[in-house]
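Q: I would like a close look at one part of this chain, then a walk outward from there. Please keep it brisk.

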Amino acid sequence: MKKFLFFILALTVGFVACENNNEGTGNGNGNGNGSSIKPNHVDVEFEATYLDGYYYGQTYGKGSDRYCFLLSEKGTNNVGQVYTNSTYYYLDLFGPVAEGGAPYFVAQGTYKFDATTSGKPYTFTVNSRLMKTLDDSAEEPVLEYGITDGTIVVSKNHIEAVLTISDKIHYVVYNGGL
């Protein structure tokens with residue numbers, strides 16, 4: 001319960017901080033481009049239709065811009081809370097510092113899992129996870145599963161991820177506005 005409330009608080013703070021147009025919200029109805037990283041064997045396949053996220057800039061260290069976002073089928077409400085009976089992939093990425101000002105979208109490229117949370121560009125951290133909300137309450141119970149390996153590719157209007165979660169390969173795709 002404490003972890004989940006902290007997550008909701010973090011999302012709420014993140015979205016409040018993003019009221020100055022630093023927020024990225026999209027509805028996945030665009031088309032991806034490029035070649036797929038989908039492996040031959042996949043245990044779980046998920047097509048996200050919503051991207052809700054926020055931009056931290058270099059708040060957590062110089063040399064990288066930090067982005068955190070949720071890929072889901074339902075999105076979040078207007079204060080950043082998750083909906084019941086939903087699946088959310090929470091991704092915590094570090095991209096290169098933008099020259100000439102902050103881009104309020106994730107830099108295009110390939111991001112690799114970083115178990116040390118070094119904050120180096122083109123990595124994503126152990127804070128990334130799969131969350132499932134159940135029943136009629138988005139507060140409890142919530143199931144969380146840590147990501148132990150993976151690759152995320154961000155291209156124009158497309159995110160594709162291959163993630164290892166509980167020894168299973170998850171393939172996650174989002175097409176739409178970044």
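In which strand is Tyr50 found? Start there, and go on to the packing, the side-chain pairs and the confidence.

A: This is a predicted model. Tyr50 is found in strand β3. Its relative accessible area is 28%, so Tyr50 counts as partly exposed. Along the chain, Tyr50 and Gly177 are 127 residues apart. In space, their C-alpha atoms are separated by 9.1 Å.

Now place that strand in the whole. The chain has 1 helix and 11 strands. In sequence order, the pattern is α-β-β-β-β-β-β-β-β-β-β-β. Strand β3 itself covers residues 50-57. Contacts with a separation of 6 or more can be split by distance along the sequence. Of these, 59% join residues 24 or more positions apart.

Next, burial. The chain has 178 residues, and 46% of them are buried. The exposed surface of the chain is about 9000 Å². Carbon and sulfur atoms supply 49% of that area.

The largest nonpolar core has 25 residues. Leu71, Leu93, Ile152 and Leu163 touch the most other members. Several strands supply at least two residues each to this core, including β3, β4 (65-72), β5 (86-95) and β6 (109-114). Strands β2 (44-48), β9 (142-155), β10 (158-165) and β11 (168-175) also each supply at least two. The largest share, 4 residues, comes from β10.

Take Leu93 as a sample of the packing. Set aside residues up to four places away in sequence. Leu93 then touches Asp65, Arg66, Tyr67, Phe69 and Val106, among others. Its contacts also include Tyr111, Thr123, Phe124, Ile152 and Val154. Another core, of 7 residues, lies apart from the largest one. Among its members are Tyr54, Val82, Tyr88 and Met131.

Aromatic rings come next. The count comes to 5 aromatic pairs. One of them joins Tyr55 and Tyr67. The ring centres are 5.1 Å apart and the planes stand at 45 degrees, so this pair is tilted. Tyr55 lies in strand β3 and Tyr67 in strand β4, so the pair ties together parts that are 12 residues apart in sequence. Both Tyr55 and Tyr67 are buried.

Tyr111 and Tyr122 form another aromatic pair, also tilted. Their centres are 5.2 Å apart, with 50 degrees between the planes. Tyr111 sits in strand β6, and Tyr122 in the loop between β6 and β7 (123-125). The two residues are 11 residues apart, and the pair links distant parts of the chain. Their burial can be given one by one. Tyr111 has 0% relative accessibility and counts as buried. Tyr122, at 30% relative accessibility, counts as partly exposed.

Now the charged pairs. The structure holds 3 salt bridges. One is between Asp92 and Arg66, whose closest N and O atoms are 2.6 Å apart. Asp92 lies in strand β5 and Arg66 in strand β4, so this bridge ties together parts that are 26 residues apart in sequence. Asp92 and Arg66 are buried. Arg66 also appears among the residues that Leu93 touches.

A further bridge joins the side chains of Arg129 and Glu144, at 3.4 Å from N to O. Arg129 is in strand β8 (residues 129-133) and Glu144 in strand β9, so the pair ties together parts that are 15 residues apart in sequence. Arg129 has a relative accessible area of 16%, so it is buried. Glu144, with a relative accessible area of 31%, is partly exposed.

Glu45 and Lys38 also meet through their side chains in a salt bridge, 3.1 Å from N to O. Glu45 has 52% relative accessibility, so it counts as exposed. Lys38 is partly exposed, with a relative accessible area of 37%.

Last, the confidence. The chain averages a pLDDT of 78. Of the residues, 74% score at least 70. Over residues 1-33, the pLDDT is below 50. This stretch still has 73 contacts in the model beyond near neighbours in sequence. Where pLDDT is low, the predicted coordinates should not be read in detail.

Terms used
Residues are numbered from 1 along each chain as its sequence is written. This is a predicted model: local features need pLDDT of at least 70, side-chain atom pairs count only at pLDDT 80 or more; totals for chains, interfaces and linings use all residues. Side-chain values use heavy atoms; hydrogens and water are left out. Buried means under 20% relative accessible area, exposed over 50%, partly exposed in between (1.4 Å probe, protein chains only). Contact means heavy atoms within 4.5 Å. Accessible areas come from the Shrake-Rupley method with a 1.4 Å probe; for residues, only the protein chains shown count as cover. A nonpolar core is a set of buried Ala, Val, Leu, Ile, Met, Phe, Trp, Tyr and Cys residues joined through side-chain atoms within 4.5 Å. Rings of Phe, Tyr and Trp (its six-membered ring) pair if their centres lie within 6.5 Å; planes under 30 degrees apart count as stacked, over 60 as edge-to-face and the rest as tilted. pLDDT is the predictor's confidence in each residue, from 0 to 100. A salt bridge is a side-chain nitrogen of Lys or Arg within 4 Å of a carboxyl oxygen of Asp or Glu.
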